[in-house]
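Please open the model in your viewer and keep the selection panel at hand, as this tour moves from one selection to the next.

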There are 2 protein chains.
Amino acid sequence: MENERTGVGKTITIYDIAKEAGVSASTVSRVLTGNAAVRQDKKERIRSIIQKYNFKPNALAKGLSDTSTKTIGIIAADVRNPYYSALFVACEVAAEKAGYSVSLANSLGEKEREQAQLDLLLQQRVDAIIQMGGRVDDLITDDAYAEKVRSVCRTTPVVVTGKLDKAPVHSVVIDEAMGMNLVMEHLIGLGHKKIALVGGEMRVNSTYLKYQKYREILAKYGIQENGEYVVNGTYDPETGYEATNKILELKDRPTAIIAINDFAASGALRSIREHRLHVPEDISVISFDNTYIADLVMPKLTSVDYNYEDYGKLLIETATSAAEGKDTANVRMVQPEIVERDSTGPAPRSSRK
Amino acid sequence: MENERTGVGKTITIYDIAKEAGVSASTVSRVLTGNAAVRQDKKERIRSIIQKYNFKPNALAKGLSDTSTKTIGIIAADVRNPYYSALFVACEVAAEKAGYSVSLANSLGEKEREQAQLDLLLQQRVDAIIQMGGRVDDLITDDAYAEKVRSVCRTTPVVVTGKLDKAPVHSVVIDEAMGMNLVMEHLIGLGHKKIALVGGEMRVNSTYLKYQKYREILAKYGIQENGEYVVNGTYDPETGYEATNKILELKDRPTAIIAINDFAASGALRSIREHRLHVPEDISVISFDNTYIADLVMPKLTSVDYNYEDYGKLLIETATSAAEGKDTANVRMVQPEIVERDSTGPAPRSSRK
DNA sequence: ATTAAAATTGAAATCGGTTTCAGATTGAAC
DNA sequence: GTTCAATCTGAAACCGATTTCAATTTTAAT
C-alpha cells in the first residue's frame, strides 16, 4: 500500500524510540516533556534517535492523556472581513508565544453554523474558546442560544469580544465610547457641527454604544441632533453608499460623515464622488476599525485603530489564564486611537455661517 | 474548584452514558458511529441519554483510536490577504460538506514558521495538508526545505496551490496562462497595443507564467515588446503605485496596465489619479484575483476571477480523496474568467495614430 | 566498605474512544 | 418444539502518549 504520493509510512511512536534506545517508553516521555530527570547519556541517546526519525509525538494521545491540548478555538464571524483577519492573525501570533496554537472556524453570521462550530471545538477539546463578533448580540434575545453558550461555559472557558450578561463568559471589549469620543472631538475640533452617522445596526451593542456617545457629545457642545443625519443599515460598502446618497440629498447637508467601519466609509466615498463633491474639502469622512482598506481607498481614510496586536494579545492572555484556572478580571478593555489620514479636514467655510 | 466562570464540570464519557443506559460502552459506541446494528429500543434509549447530557464524544480519543481526525490542515501565506481568506472560507465550507473540518495556520511568509506549522499539523494528525501559496516556490532553490516537504509527504498527503516537481505533492493550479490570455485578448480587443505589466516577482512561478503568456500574445499580434513596460516588485499597493509612477513618466506611455493583483492595481489607480489621468478614458487597468477590493476602489476594477467556491471545492476534494487513499490525478486546474467592471475601456484615440 | 539519601528507571494504570471476537439472543422454518 | 442462521452484545485489546508508584541504581557521607 506504500503509495509514493499519499504515502502512509507507518507512523513511529514513543515505543519505537524506546526500543531503539533500549529504555522504556516512560523514559522517552520524560525527555519529551522534560518533567522529570533522565540520566544525561540516555537523554542524549534518546534525543538523537528522535532527531534521526524526526519523531513528533502524537498530539491526540498527548491531549487525551493530560487533558490539555494547548489549543484555543476561535470562532470569527467571517475572516474575509479584514477586521477579523487582522485580529485572528494577532491572536495566532500571541498564542504561539504563549505556547498555544489556535484553531479557526467561521460562523458566517449563521446561528446554526456557530453552534455547530462550538460543538466541534468542544469535541476537539480546545482549552478555551474565543468568540469574535458573530451572533453574540443575539444572546440578548435568543434564550435557547444563551443556554447553549452557558452550557459551553460549563466545560470550557469562553472569551467574547463584546459584553455579555446572559452567560458567564470573559469579555474583552473595545472602549467604543472612547472611540466615538475621539472621533467627535476630532471633527468638532476641525469646526464640524453637522455630523452624520452612517451604517450599523442599533441592535448591535458596539453600534449602539457609539450612537449613545455621539448624542452625548453633540449635547455637550450644544449641537441640536438632526435625526436625518443618522442612517443605519449594515456594515458593507453598499450600506455606506446608499446611506450617503440619502444624506447628500438633504437640503441641509452635513459637513462630516462618521462611517461605522471602513467598508461603509468606502461606500460613502463613492457616493460623495458621484455627487461631485470632494473629500475632505467639501465633506470629511472618518471611520472605525482602521483596516488596510483605510489605506487603500482615495483619499486614504482617517480611522479609529484598536492596535490589533495588543487586542489579540489581550484575548489570548484572557483565554489562556482562564484555561489554566487563574482567576482573572472578567472584563478587559481595549483602548482605541485615531489614525489620521487624508479624509478629514476643516469644515468648509461656507458651512460656518 | 467549580468556578462559575471557567467551570470545568467533569466531562462525561461514553462509559457514563453506557452505565446509565445499562449497556456496555461498545454498544454506545456503535450507536455513535452507526457502524454496527443495535437493537432499536436500546438505540433509542441511548440516543435520548446522549441528548439529555448533550454528550459529545472526545475527538482526541476518537482520532487516536481510528487514526483519522477528519481534519484537514491548511497553511496559508496570510489570511489577511483577501485572496487567501476567500479561498480558506471556500475550503472550510467545502470541507464541512464532505464531513471534514479544517485547521488554519498562517506562515506569514516566513520559512521557519511554515515548517513549524507543518510539524504542528503533523502532530495534530490531520488527514491531509493544503498549502496555499507560502514559500512553495522556494522548493526550487532550497533543498533542505524540499526535503522537509518530502518527509511530510511520507506520512500525510500534501496538496499545494501551484506546481511542484521536487516533492510528491498533489497540485491544484490556476491556469495562469489562460488568465493572461483572457486579459490580453480583452485589452487588445479594446484596441490597446501599449500594455504594461506591474508588480510580482519573476521567481514566483505564477508570475513567471503570466509573463510568458504576455510575451507570447504580444508576439502573436506582432507587437514589439517594450522592456520599460514591465516593472516587477511585490504584491502590495505600494509596488503598484511606484511601478506605475515609473511607467507614467515614460515618453511613450502605455494605454493599459495589467496589475499582478488587485492590491497592486489599487496602487496603480492612485498613481494614475495623482498624474491627473483618468481610468479608463486615458488608461485602462486590469488585474488578477478579483477580491472584494476590485469592487471597492474607484473605479471598480476589471479583474480575473477564479471562482473561489469551485477552487476551494477542488482543493478539498483532492485532499480528502488523497487522505482516503483514492488514487487521483495529481494535477488539477482551475479555469479563470474575467469579471468586467469599470476600469477597462477602449484605447484612447490619440494613441491609435 | 557501609549505609542512608538522592537520582533514575520501568511496569502498569489511565485518558476515551473503536473494533475484534466469541458468546448470547432472537427469529424463521420445519 | 427443535434447529440453524442471523442479530446483538460485552469483554478485552488497542490507539499513543503521561504519570504514579515502587524498585533499582548512584552518589555522598561516614
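A residue is taken as near a molecule or strand if one of its heavy atoms lies within 4 Å of it. The model is a predicted one, in which local features need pLDDT of at least 70 and side-chain atom pairs count only at pLDDT 80 or more, while totals for chains, interfaces and linings use all residues. Residues are numbered from 1 along each chain as its sequence is written, chains are lettered from A and ligands numbered from 1 in the order in which they are written, and side-chain values use heavy atoms, with hydrogens and water left out.

Begin with DNA strand D, which has 28 residues around it, the nearest being Ile14(A), Ser29(A), Asn58(A), Ser65(A) and Arg30(B). Of the atoms of this strand that come within 4 Å of the protein, 62% are accounted for by sugar and phosphate.

Next, show polar contacts, meaning pairs of N or O atoms within 3.5 Å; within protein, one atom must be able to donate a hydrogen and the other to accept it, and residues adjacent in sequence count only if both atoms are side-chain atoms. A base nitrogen of DNA strand D lies 3.1 Å from an N or O atom in the side chain of Ser26(B), and a base nitrogen of the strand is 3.3 Å from a polar backbone atom of Ala61(A). A base oxygen of DNA strand D is 3.5 Å from a backbone N or O atom of Ser65(B).

Colour the helices now, these being DSSP runs of H or I with at least four residues (strands are runs of E with at least two), numbered from the N terminus. Helix 4 of chain A gives the largest share of the surface near DNA strand D, 5 residues.

Move to DNA strand C, where 27 residues surround the strand and Thr27(A), Arg30(A), Ile14(B), Ser29(B) and Ser65(B) are the closest. Here the side chain of Arg30(A) has an N or O atom 2.5 Å from a base nitrogen, and the side chain of Ser26(A) has one 3.1 Å from a base nitrogen. Ser65(B), by contrast, places a side-chain N or O atom 2.6 Å from a sugar or linking oxygen of DNA strand C.

Finally, select chain A as a whole, whose secondary structure comes to 12 helices and 12 strands. Its radius of gyration, taken over C-alpha atoms, is 26 Å, well over the 20 Å that the globule rule (2.2 Å times the number of residues to the power 0.38) gives for 353 residues, so chain A is more spread out than a compact globule. Its C-alpha trace spans about 90 × 40 × 40 Å along the principal axes.
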